[in-house]
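Before reading on, it helps to look over the chain from its N terminus and to follow how its elements succeed one another. The paragraphs below take up the order of the elements, then the sheet, and then the confidence of the model.

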Amino acid sequence: MTITDPEKKKLAQEIRLHLKICLDCGGRNSIYADRCRKCHKSHLRLKNRALRAKK
Ligand SMILES: [Zn+2]
């Protein structure tokens, strides 16, 4: 699937980079997740890679 809409592509990239990683099982969770969807613990850290280098 190719995304041609630059707005959607930007959004998709941001969502892809805004993850929460479980510290217990290493599972990837949504940025909105409070608990890990795999082990249901709340040891989540943000995976927040800054994509916007230039403003
Ligand atoms: Zn987990």
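From the N terminus on, the elements of this protein follow the order α-β-β-β, which amounts to one helix and three strands. The model is a predicted one, and its confidence is taken up again at the end.

The helix, α1, covers residues 6-17, and strand β1 spans residues 18-22. Strand β2 occupies residues 28-29, and strand β3 occupies residues 44-48. In which order do the three strands lie in the sheet? They form an open sheet in the order β2-β1-β3, with antiparallel pairing. Strands β2 and β3 are the edge strands of this sheet, each of them pairing on one side only.

The pairing of β1 with β3 can be followed in more detail, since these two strands run antiparallel and are joined by five bridges. Within this pair, Leu-19 stands opposite Lys-47 of β3, a position the reader may wish to find in the view above.

Turning to the chain as a whole, buried residues make up 7% of the 55 residues in the protein. Among contacts with a separation of 6 or more, 25% are accounted for by residues that lie 24 or more positions apart.

How confident is the predictor, and where is its confidence lowest and highest? The mean pLDDT of the protein is 83, and 84% of its residues reach 70 or more. Confidence is lowest in helix α1, where the mean is 80, and highest in strand β2, at 92.

Definitions and conventions. Residues numbered from 1 in each chain as written. Predicted model: local features only at pLDDT ≥ 70, side-chain atom pairs only at ≥ 80, totals over all residues. Helix = DSSP H or I, 4+ residues; strand = E, 2+ residues; numbered from the N terminus. Buried ≥ 20, exposed ≤ 12 C-beta atoms within 10 Å, placed from the backbone. Contact = placed C-beta atoms within 7 Å. Pairing = 2+ DSSP bridges. pLDDT = per-residue confidence, 0-100.
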